[in-house]
Amino acid sequence: MSQPVVLIAEELSPATIDALGPEFEIRRVDGSSRSDLLAALPDVDAVLIRSATAMDAEAIAAAPKLKVIARAGVGLDNVDVPAATDAGVMVVNAPTSNIISAAELTMAHILASARNVGAGNTSLKNGEWKRSKYTGVELFDKTLGIVGLGRIGALVTARAASFGMHVVAYDPYISAARASQMGVQLLELDELLQTADFITVHMPKTPETIGLIGADALTKVKPTARIINVARGGIVDEEALAAAVAEGRVGGAGIDVFAAEPTTSSPLFEHDSVVVTPHLGASTHEAQEKAGVSVAKSVRLALAGEIVPDAVNVAGGVIDEDVRPGIPLIERLGRTVTALAGRGVTALDVEVHGEISSLDVSALKLAALKGLFSDVVSEQVSYVNAGVLAERHGVEVRLLADGESEAFRNVLTLRAALPDGGQISVSGTLTGPKQIQKLIGVNGFDLEIGLSDHLLIFEYQDKPGVIGRLGNALGSVDINIAGMQVARDVEGGSALSVLAVDGQVSPDLIADLGREIGADRATAVNLEE
């Protein structure tokens, strides 16, 4: 079997390649060359990029085998996430790889602004010695206002405390109790602007945050305040900030990110009190290595068919070890529902019963949907677009969980509604130290049989001789029966037989077998990958 192909489109650390391991065919391309990139994509399974490679709708369409786009960094401006989601392509990044580097650069900008490091450096290198011109201020006993008290904001808080700074913050998503634990006083934004000596932004770039620190906000700050932005360009309005500095309404600034990048011209560059850097927040050897290793591990998980915690377009996080074995089981149950239904379903209940019901089992819903659609749609089905496909096909989905399970520690049940008002249900569990997949229920009948690659399911009126006739018919075409379970409601009532067989059974043969025993339903379930 050929190895999955991983395309490295930009320069990544050797540790990234080591983290991928030997199981993949590694190819390289200059992702900044559009023609070279498009030519390299048709047979690749994964693409690793940084910021120079545009994985837009055109590039994604050029890669029909693509399963994952991995961005070795935080931002995803160069990835068309909606197009990837529609195509079933997972998008992963390294959201925590640069948080220390970003926090440290924030402190560097605070210090550089406070002590006029940039202007003093330039002046001295130009042959000037002007000590008095570049007199600065201490950080001790000053107030730092943090706009966005997330992971980076929390790291900045800890570092600012070591300088003896008072920290206030604006973050509508953080509780006062949590802020208090960090030694931070929460304020409304206007109050923070009026109070802080240094203001640093650590929020994502969204329609709500673009221009958050703009002309109006800058009328509320102290004339000695310094504005720091190493988060995302556009959150601080550069034109408004330059005007405020020029007019003496803001004391200075430290800016690492810009609304348009790359940029080599900005009104901010005209002012000695503004320190600028070319988006260096993640530009440390440590951050680059952590980002590469992180996404390499995500690629391994994605190509193994698992849900990835750092995927940005999959609703799911870290999967509990007790939940993880249920993912392949419920995916196969989803495929079984599709086979039994023989058509589309209108609604699906994903039921989790037993001990794991108290855990986060949301991944099981995605896996069930992946199984439900895998054998009925032409496009690639993954954990990424399974929810999209359900919405597109008008399938209402519910996840139900409770702690009740009488016969087994955990039971997973899928209950599907059909367009004609009928219903299909299948249940499964995992047994023994090896976590063997078992089918334990079909349409209200209790049984216990291994969920093997090839199953035949018959529903019929209970009567003598059915099992013998099925055995003779299968034997006549050299299909061996590996296991069998028979269930019935009452003697002479409705019955169900499930046969595990050694090979795939054709639609014509299953129809003939159904006619042979007068079955109400005859279904071949082929779960072989």
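**Domains.** I began with the division of the protein chain in this predicted model, and I found domain 1 at 5–95 + 286–304, domain 2 at 98–276 and domain 3 at 325–526. I noted that domain 1 is written as two stretches of the chain. I then looked up how far apart the centres of domain 2 and domain 3 are, taken over C-alpha atoms, and wrote down 59 Å.

**The parallel sheet.** I next followed an open sheet of 5 strands, whose order is 2-1-3-4-5 and whose pairing is parallel. Which strands stand at the edges of this sheet? I found strand 2 (25–28) and strand 5 (90–92) there, and because each has a single partner strand, one side of each is left without a neighbour in the sheet. Neighbouring strands of this sheet are turned against each other by 20° on average, with direction ignored.

I looked at one pair in more detail: strand 4 (residues 68–71) runs parallel to strand 5, and 3 bridges join the two. Within this part of the sheet, Ile 69 stands opposite Val 91, a residue of strand 5. I also recorded that helix 12 (residues 285–303) packs on the sheet, where it touches strand 1 (5–8), strand 3 (46–49), strand 4 and strand 5, and that its direction makes about 170° with that of strand 4.

**The ACT span.** I checked the UniProt record, an unreviewed entry, and it lists residues 455–529 as "domain: ACT". In the model, this span is 28% helix and 39% strand, and its end C-alpha atoms lie 14 Å apart.

**The antiparallel sheet.** I then turned to an open sheet of 4 strands in the order 20-21-19-22, in which the pairing is antiparallel. Strand 20 (481–488) and strand 22 (521–526) each have a single partner strand, so these two stand at the edges and one side of each is left without a neighbour in the sheet. The twist from one strand to the next averages 15°.

How many bridges join strand 20 to strand 21? I noted 7 bridges between strand 20 and strand 21 (residues 494–501), which run antiparallel, and I found Gln 485 opposite Val 498 in strand 21. Helix 13 (residues 326–341) packs on this sheet and touches strand 19 (454–461) and strand 22, its direction making about 145° with that of strand 22.

**The largest pocket.** I looked up the volume of the largest pocket and wrote down about 1,500 Å³. Its lining holds 46 residues, and those nearest its centre are Val 74, Gly 75, Ala 231, Arg 232 and His 279. Helix 5 (99–114), helix 7 (151–162) and helix 12 each supply at least two residues of this lining; I had already met helix 12 packing on the parallel sheet.

**Two backbone details.** I ended with the backbone, remembering that most residues other than glycine have a negative phi and that most peptide bonds are trans. Where is Pro 262 found? I placed Pro 262 in the loop between strand 11 (252–255) and strand 12 (274–276), and the bond joining Glu 261 and Pro 262 is a cis peptide bond with omega about -5°. Asn 116 has a positive phi of about 55° although it is not a glycine, and I found Asn 116 in the loop between helix 5 and helix 6 (117–125).

Technical notes: Residues are numbered from 1 along each chain as its sequence is written. This is a predicted model: local features need pLDDT of at least 70, side-chain atom pairs count only at pLDDT 80 or more; totals for chains, interfaces and linings use all residues. Side-chain values use heavy atoms; hydrogens and water are left out. Domain bounds come from an automatic or database domain assignment. Two strands pair if DSSP finds at least two bridges between them. Axes are lines fitted to C-alpha atoms, for helices over the stretch in contact, and angles run from 0 to 180 degrees between N-to-C directions. Contact means heavy atoms within 4.5 Å. UniProt positions are given in the numbering used here, feature names are shortened, and annotations may be inferred rather than shown by experiment. On a 1 Å grid over the protein atoms alone, a cavity is a set of points where a 1.4 Å probe fits but cannot get out, and a pocket is an open set with protein on both sides within 12 Å along at least five of seven lines; lining residues have an atom within 4 Å of a point. Grid points are joined across faces, edges and corners, and a volume is the space filled by probe spheres set on the points.
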